[in-house]
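Hi everyone, thanks for having me. I'll walk you through one protein today, so please have a look at the picture first.

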Amino acid sequence: MSGLSSFISAASERARQTDLLFFSATALSGFIVLLVAGLIIGFSIRYRKNSNASRAELPPPLLREFETGWTLATVLLFVTIFGWASAQGFGAMTPAGEPLQINVVAKQWMWKSEHPGGEREINELHVPADRAILLSMNSQDVIHSFFVPALRIKQDVVPGHTEALSFIADKPGTYALLCAEYCGTQHSKMTGKVIVMEEEDYADWLSHQEADNSLAAQGERLFTTLGCSGCHGHSANVRAPPLENVYGSPVALADGRIVEADDAYLRDSILQPKRDVVAGFKPIMPSFAGRVSEANLLALLAYLKKKPQQEARDD
Ligand code: CUA
């Protein structure tokens with residue numbers, strides 16, 4: 001499907017509603033522009049200098065009823081449009097019924113998604129038609145923007161924030177997925193596909209996916225959901241020690257000691273981050289003691305051990 005045809009097609013009721021609102025507002029504005037311009041041109045010609053049009057029956061300069069009437073009518077008209085547009089906006093933010101939640105992670109420069117059963121994909125998002133989908137989106141580095149023109153949805157994904165976006169696609173097909181926020185040199189290549197499938201085709205597709213439920217994969221998810229990636233990610237704003245290849249390597253501490261980043265060191269750094277601060281960094285990391293279970297701690301460690309290969313596989 002070409003970019004143009006997917007831009008024009010509307011794959012959800014909301015997309016059609018958005019189009020109706022857009023074209024109504026455009027038509028109304030167009031009508032007013034033509035009306036005003038027409039009157040200006042008409043009067044300019046009729047009452048031009050030296051024209052012999054009668055000026056005897058001009059209305060008085062201010063007619064109270066007329067002024068009040070047209071001011072109120074205009075206010076009412078625009079309040080109506082405002083109400084219409086905001087009702088649609090709020091409707092779009094509230095998922096109908098029990099939604100199917102899919103986690104999306106944006107990073108330079110790809111869209112990674114994960115279905116409830118742990119099935120994962122990159123730059124593709126398969127969803128069932130006629131079912132409320134709730135995307136829970138996080139960024140691993142900079143601001144990206146999740147944009148699907150055919151669904152008329154666009155949502156910025158800000159690091160350190162979980163963004164929710166819901167939609168119900170009702171027309172099976174393949175639609176363009178774009179990043180609509182300049183996010184670095186390969187921003188324009190951060191594209192993908194949203195594949196809307198009939199419910200049974202989606203179930204069939206799911207059954208052919210391999211769910212990655214390894215400990216390291218769980219750890220990677222935690223790394224994002226706990227907010228670790230907000231500071232330890234590639235281009236995070238907060239300066240924190242990078243964690244690629246950290247496992248097993250020597251780490252210089254602020255007090256001059258050099259320690260090996262083994263299991264115990266990494267575990268301590270998560271639970272008591274103020275104890276062994278890495279040289280050159282401020283002790284600003286909050287403790288995760290009590291916030292991360294033992295099982296989750298193991299998953300995080302498994303992820304940190306695998307991190308270099310993981311990154312190489314993705315990029
Ligand atoms: Cu991601 Cu532009």
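Before we start, a word you'll need: a pocket here is an open set of grid points with protein on both sides within 12 Å along at least five of seven lines, and a residue lines the pocket if an atom of that residue is within 4 Å of a point. Also keep in mind that this is a predicted model.

Okay, so the largest pocket. There's about 700 Å³ of space in there. Lining that pocket are 35 residues, and the ones closest to the centre are His232, Pro241, Leu243, Ser269 and Met285. Which element gives the most to the lining? That's α7, with four residues. You'll find α7 at 263–271, and it's joined by α6 (228–232), β11 (250–252) and α8 (294–314) as elements that each supply at least two lining residues. If you sort the lining by class, you get 26 nonpolar residues, five polar ones and four charged ones.

Now zoom out. The domain assignment splits the protein into domain 1, which is 1–41 plus 94–212, and domain 2, which is 215–314. Their C-alpha centres are 33 Å apart.

Next up, the sheets. One is an open sheet of five strands, and the order goes β3-β2-β1-β5-β8, with mixed pairing. Why do β3 and β8 each have one side without a neighbour in the sheet? Because β3 (120–122) and β8 (163–167) stand at the edges, and each has a single partner strand. From one strand to the next, the twist averages 25 degrees. Inside that sheet, β1 (residues 100–107) and β2 (residues 110–114) are antiparallel, paired over five bridges. To pick out one pair, valine 104 has serine 113 in β2 as its bridge partner. And there's a helix packed on this sheet: α5, residues 215–225, touches β1, β2, β3 and β5, and its direction makes about 65 degrees with that of β3.

Then there's another open sheet of five strands, ordered β4-β10-β9-β6-β7, and the pairing is mixed here too. The edges are β4 (124–128) and β7 (153–157); each has a single partner strand, so one side of each is left without a neighbour in the sheet. On average, neighbouring strands in this sheet are turned by 20 degrees against each other, direction ignored. β4 and β10 (residues 192–197) run parallel and are joined by five bridges, and proline 128 stands opposite methionine 197 in β10. Helix α4, residues 199–207, packs on this sheet and touches β4 and β10.

That's my tour, thanks for listening!

Notes. Residues numbered from 1 in each chain as written. Predicted model: local features only at pLDDT ≥ 70, side-chain atom pairs only at ≥ 80, totals over all residues. Heavy atoms only, no water. 1 Å grid on protein atoms, 1.4 Å probe; cavity = no way out; pocket = protein on both sides within 12 Å on 5 of 7 lines; lining within 4 Å. Points joined across faces, edges and corners; volume = space filled by probe spheres on them. Nonpolar A, V, L, I, M, F, W, Y, C, P; charged D, E, K, R; others polar. Domains from an automatic or database assignment. Pairing = 2+ DSSP bridges. Axes fitted to C-alpha atoms, helices over the stretch in contact; angles between N-to-C directions. Contact = heavy atoms within 4.5 Å.
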